[in-house]
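The following report looks at how two chains meet, what lies in the nonpolar interior, and how one helix is set into its surroundings.

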There are 2 protein chains.
Amino acid sequence: MSLLVVGSVAFDAIETPFGKTDKIIGGAATYISLSASFFHRPIKLVSVVGGDFPKEKIEMLRQRGVETEGLQIKENEKSFFWAGRYHIDMNSRDTLTTELNVLADFHPVVPESYQDCDYVMLGNLSPKVQRQVLEQLKKRPKLIVMDTMNFWMETAWDELQKTLKMVDVLSINDEEARQMTQAYSLVKAAKKILSMGPHTLIIKKGEHGALLFRGNQVFFAPALPLEEVFDPTGAGDTFAGGFIGYLAESNDISFDNMKRAVIYGSAMASLCVEKFGTERLETLTPQQVQARVQEFVDLVQFEIELEN
Amino acid sequence: MSLLVVGSVAFDAIETPFGKTDKIIGGAATYISLSASFFHRPIKLVSVVGGDFPKEKIEMLRQRGVETEGLQIKENEKSFFWAGRYHIDMNSRDTLTTELNVLADFHPVVPESYQDCDYVMLGNLSPKVQRQVLEQLKKRPKLIVMDTMNFWMETAWDELQKTLKMVDVLSINDEEARQMTQAYSLVKAAKKILSMGPHTLIIKKGEHGALLFRGNQVFFAPALPLEEVFDPTGAGDTFAGGFIGYLAESNDISFDNMKRAVIYGSAMASLCVEKFGTERLETLTPQQVQARVQEFVDLVQFEIELEN
């Protein structure tokens, strides 16, 4: 059994109130893969980079159990590049630059060696490209999780709807859930989205935690109150990576296990934001992950005995 | 053992996207007392109303175990009146009218029969009036909880600081915590506030739940994701009432018991906002309270076994 991850592998340049970076590695699939690798290996990556992407970073991913047969390297082109600046509250950001480069004309190819994948994470990308990956799978995976963003709601609504019908779990943030449904109440928004295809919905609320909806069941995972959020870039992808990595390793897609997966995802995201870019994920130890999960347990656990 | 509650007993007129009310009863002490009465009786009320305040509403409070010897009735004056309008997101509101009336010159008197109080809830009022209540107590209560708001931070900072030094628990919202400390991070804000007097701090985040801080310990209680928030008026006071009522009844001020109290407070607040004003609190049954607390348990409970 293995885990297929599709999404961007790219460069970011980030400004936060705490400082700024030059071009550093980023991209949804990078964060997802790094985060998932703490729980499950191998990870089978489908993506595309240009000749400018550092070979040692691809090797770094390989050493973490990321298979790269499905990673196209277009030597004469440039990698996707995003530059952004976060506001003081870290909840909003301005995009300064978006250069699609190799992503402008990306045709994903799923290698034969990836056909055993039972778990699929569709990182944020054009919904058409996400669907092209699913269409190449000969066997319906056990679980397909999709991330997306407001940009695709605005520019590719019909494609998004088509892809949504093929997935099991959608992971989006609260603003996106409201935009997608025109409902302010997240409970109402969740009901609408769960009628669009996925049986399970995750609504990420950043510093306010995450909600998990399935049928009439709902679960809430807090965010850890942090003294400093250094750089929120990749937090959502890191969450998704922890979520799918934990599910793939435990091979259990029950609601109760998804609760645990949301906690693991939240713990990974809380670690990611402590440093710029992928730095924290690249230096993290499994013991630090376990300790952070313990902090989440301590944060929300209480005992109440109710009369029945 | 009993519970002393001080705060406004007043009239509100409320507009929300769902409708508007004429003058209805409100006030911090009204919500606190109604909410606390589900857990602990008697409640000993210190407040002031005008002759316009409906006698049957005072009787309604008495029937819920609220003693009113400390409730001054100024027959020739008018009760405090507040009118406000909520925005569509229900997280912000405009004050349309504030008529202090009897509150303009309120000198609280703590009757001799209240001197047995071990638990004190200082509802939102001038910090000077809050302190005048404490100064009349011959025995230091076991627990003093204080609510306040941005208005007092802006107009009575020194008085607020004096009163803060006399209390055990402060309950404020996230904006107020930031305003009070000039710190954006709630963890940093909490550290600063805990150096101002109280040993425990509650930061209410509205639809995003509440945080409880003491020393290096932190607990997070979610808000229940609701399909509709009908009227947020009194939610914070209802939270405080559930919190202090639960603590007074269980007579246990350990951090673990405060966690439970925060959950009970949150459950009461989630019920309050389902109807205009005090309507939901006046018609609620203890069984409905228990069922709501069970929803909170279900919302956040998960099991993770960590290796030690």
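In this predicted model, 18 residue pairs are in polar contact across the interface of chain A and chain B, both residues of each pair being at pLDDT 80 or more; a polar contact is a pair of N or O atoms within 3.5 Å, where within protein one must be able to donate a hydrogen and the other to accept it, and residues adjacent in sequence count only if both atoms are side-chain atoms. On the side of chain A that touches chain B, the elements giving two or more residues are those in the table, where helices (H or I, at least four residues) and strands (E, at least two) are DSSP runs numbered from the N terminus.

| Element of chain A | Residues |
|---|---|
| helix H7 | 186-194 |
| strand S14 | 217-221 |
| helix H9 | 255-272 |
| helix H11 | 286-300 |

The largest share of this side, 7 residues, comes from H11(A). By residue class, the side of chain A that touches chain B divides into 18 nonpolar, 6 polar and 13 charged residues, with Ala, Val, Leu, Ile, Met, Phe, Trp, Tyr, Cys and Pro counted as nonpolar, Asp, Glu, Lys and Arg as charged, and the others, Gly among them, as polar.

The rule also finds 6 salt bridges across this interface, a salt bridge being a side-chain nitrogen of Lys or Arg within 4 Å of a carboxyl oxygen of Asp or Glu. One of the salt bridges in the model joins Arg178(A) to Glu207(B), whose closest N and O atoms are 3.7 Å apart.

Turning to helix H6 of chain B (residues 174-181), 6 of its 8 residues are buried (under 20% relative accessible area, 1.4 Å probe, protein chains only), so the helix is largely enclosed by the rest of the structure. The buried residues are Asp174(B), Glu176(B), Ala177(B), Arg178(B), Met180(B) and Thr181(B). At the N-terminal end of H6(B), Asn173(B) acts as a cap, with a side-chain oxygen 3.1 Å from the backbone nitrogen of Glu175(B), while the helix is followed by Gln182(B), whose phi is positive, near 60°.

Residues are numbered from 1 along each chain as its sequence is written, and chains are lettered from A and ligands numbered from 1 in the order in which they are written. Because the model is predicted, local features need pLDDT of at least 70 and side-chain atom pairs count only at pLDDT 80 or more, whereas totals for chains, interfaces and linings use all residues, and side-chain values use heavy atoms, with hydrogens and water left out.

Notes:
Buried means under 20% relative accessible area, exposed over 50%, partly exposed in between (1.4 Å probe, protein chains only).
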